[in-house]
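Q: Please take a close look at the charged pairs in this model, starting with one lysine and its partner. Then carry on into the helices and sheets around the chain, with the cut-offs for any terms you use.

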Amino acid sequence: MVNRVGGLASGMDIDALVEKLMTAERVPLNKLNQKKTTYEWQRDAYRAVNTKLKTFSDYLFDNFTLSSNFVKNKVNVSNSAAISVSAGSGASGTLNIEKIESLATAASKKVETAPTTIRSVANGDTTLAQLGFTSTTTHKLNLAIKKDGVADSDQEISFNNMTKVSDLISELDSKGFNASITNGKLSITAKEEGATVEVKDGPYVDSILMKLGFSDSAVGSTLGTSKTLYSSATSTTRNTTTLGELGLGDGTLTLSVIDSKGLPRESTISYKETDSLESFMKRLNGAGLTGIVTSDGKMSITSNTTGIGEIKVVSDKGTDGKDKANGVMKTLNFVDENGVIAKNGTNAKYTVNGLSMESSSNTFTLSGYTVTVKEVYNADTTSSAPPISVTADKDIDSMVDKIKEFVTKYNELITSLNDQLKETKYRDYTPLTAEQRKDMTESEQKLWDEKAMSGLLRGDSILRSGLGDMRNALYSQVKGLGDKVIDTMFEMGITTSSNFNDGGKLVLDETKLRKAIEEDPDRVVKTLTQTGSKADTEGDTRGIVQRLRDSMSDFTKNIEKKAGRATMTDNQFAIGKNLIDTNKRITTLTDRLKDVEARYWKQFSAMEAAINKANSQSSIFAQFGGQ
């Protein structure tokens, strides 16, 4: 490491001198960094071209290669009240719908009034008689506080069937326990942290605790929170009534429902005793059904698909995995003795061009037409109404608009590319160095960068070649369509601008285009969208859109060889390799400049040392001369 000595002896500003010397030395490094920046700008400019090409290619695919988006049919229906019709690109011929005998309906079942609740969630006012205590004698429950493995403080809790739950809780609290009831669940715990409540032996202890909702009721068991307790008191049904209030516990319901293909499909849903009727009905929506319950207890279940078929309960199991004697659908009065909820779905029946047909849906497809029957028509044998006629014509206006849009977007693309080919190159404006940016305002930097980035692709051979291939794709004849047909863009009224400065922009004669489509719409469609081969025996049978997309694909690949894409590494394309080489040269030159700067400081430090020594010797001689 070089010791940097300032100009104490010489009186010179060594820092400034070295800085100026290094500014000169850094000129080659600055040029390399500017070259690197130019490469990066050029790479990004090429990739921006590929972005434009992809956008236009995707537009062609979405609007022309998918011919259904290009070819629209206008449907003519003689009775739009009875049916609605849409026509695909392949719709053809005439449909005569002589009669519509019936519409397809979905299987459904309604219940006018939900069952009355047989119990309600217990609360403090609930008597023990309503919880199932029938005996009028006094019941006794022995409990103890258990801590550190030892149970003591045995307490006897006394009550009878007329005791309210709130009175029982007060009795428990007075004997040193924590007791409460929340949402129907009775809690009996110890007040002291770490302690528990243990069941002691006594008469009918199992039966008492079971009626209080504790599943573990054996002597020595620990109490905590019970299951939900229900009172035997009845209440008026509502959509908020819970399944538990109807006497139902948790379960798993499997239903068979007809799907959109007319086949039975099984679906399983789980439910809990805490579910309200409304939330349970919503669960049915996952099984291909729609369940509804109103606030006054009216309910309905409807299949989501129409057609002949039934809604049926396959199984309804409890938490023990066994079938319930009274499942949820039976409790809600939805099923018959065979477990069938509904089997009243019907198919649509109609006669088209003399053929009797039926379908599970009210919508059917024939000859490219999608027909939806909306009401019964001519079903009476005495009726003699004329058939409903359905025909389709090509939507000429839509096709003309699409081709006009294509011409506009193509012209926008080639105008953009031609502008880059002709863009002025300002050779005096090179990329700014970091030092140069320090001396400029933000607006000055922006203006300079605009000049420096101008003309990056001026006269570029890849762009010229790509544009030429795109023009050739447009004007070549499409083979394989037969003689005396529309098989070129020229015959559709699309030509190239006679103005050389337009760079090959398209000019559209709308009158000629409309006439060509009216005379032979299918040929126009094939000329534009036909899928073919470049090397077909008849010649190039590719439609114009496919040719154009293929030429743009080659265009894109040539640009990627030069500038790559975001997912490529630098060593996979030409500009990237130039960047790798430039970065290596920058690294080497940066290391060399560090050595040069160190040498300058070493030389100046040696000079300072020599001057300092000379000054010391001069001072000594001056002392001798004064004696």
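A: Let's start with K110, which is exposed, at a relative accessible area of 59% (buried means under 20% relative accessible area, exposed over 50%, partly exposed in between, with a 1.4 Å probe and protein chains only). Before going on, keep in mind that this is a predicted model, where local features need pLDDT of at least 70 and side-chain atom pairs count only at pLDDT 80 or more, while totals for chains, interfaces and linings use all residues. Residues are numbered from 1 along each chain as its sequence is written, and side-chain values use heavy atoms, with hydrogens and water left out.

K110 has E112 as its salt-bridge partner, with 3.7 Å between the closest N and O atoms (a salt bridge is a side-chain nitrogen of Lys or Arg within 4 Å of a carboxyl oxygen of Asp or Glu). E112 itself is partly exposed, at 46% relative accessibility. The structure holds 21 salt bridges, so there are others to look at.

Take E198 and K200, whose side chains meet in a salt bridge at 3.7 Å, N to O. Here E198 is buried, with a relative accessible area of 10%, whereas K200 is partly exposed at 23%.

Now for a pair that spans some sequence: D397 and R514 form a salt bridge with 2.7 Å from N to O. D397 sits in helix α8 (residues 396-422) and R514 in helix α12 (residues 510-519), so this pair ties together parts that are 117 residues apart in sequence. As for the element names, helices (H or I, at least four residues) and strands (E, at least two) are DSSP runs, numbered from the N terminus. D397 is partly exposed, with a relative accessible area of 40%, and R514 is partly exposed at 25%. The two aren't on their own, either: D397, K404, E510 and R514 are linked in a network of salt bridges.

Helix α8 has another story to tell, its packing on helix α2 (residues 27-65): the angle between them is about 170° and their axes are 11 Å apart. That makes α2 roughly antiparallel to α8. On the α2 side, the residues in contact are A45, V49, K52, L53, F56, Y59, L60, N63 and F64; on the α8 side, they are K402, E405, F406, K409, Y410, L413, S416, L417 and Q420. Sorted by class, this contact has eleven nonpolar, three polar and four charged residues.

The cut-offs behind that helix pair go like this. Axes are lines fitted to C-alpha atoms, for helices over the stretch in contact, and angles run from 0 to 180 degrees between N-to-C directions. Under 35 degrees counts as roughly parallel, over 145 as roughly antiparallel, 65 to 115 as roughly perpendicular and the rest as oblique. Contact means heavy atoms within 4.5 Å. Ala, Val, Leu, Ile, Met, Phe, Trp, Tyr, Cys and Pro count as nonpolar, Asp, Glu, Lys and Arg as charged, and the others, Gly among them, as polar.

Next up is helix α15 (residues 574-625), where A606 is found. A606 is partly exposed, with a relative accessible area of 46%. From A606 to K446 is 45 Å, C-alpha to C-alpha, and the two are 160 residues apart in sequence. T582 lies in α15 too, but T582 is buried, at 1% relative accessibility. Leaving out residues up to four places away in sequence, T582 touches L32, K36 and Y39.

That leaves the sheets. One is an open sheet of five antiparallel strands in the order β1-β24-β3-β20-β21 (two strands pair if DSSP finds at least two bridges between them). Its edge strands, each pairing on one side only, are β1 (73-77) and β21 (355-359). Neighbouring strands of this sheet are turned by 30° against each other on average, direction ignored. Strand β20 (residues 348-352) pairs with β21 in the antiparallel sense over five bridges, and T351 has S356 in β21 as its bridge partner.

Another open sheet has three strands, ordered β2-β23-β22, with antiparallel pairing. At its edges are β2 (83-87) and β22 (363-366), each paired on one side only. Here the average turn between neighbouring strands is 20°, direction ignored. β22 and strand β23 (residues 369-373) run antiparallel and are joined by four bridges, and T365 finds its bridge partner in T370 of β23.
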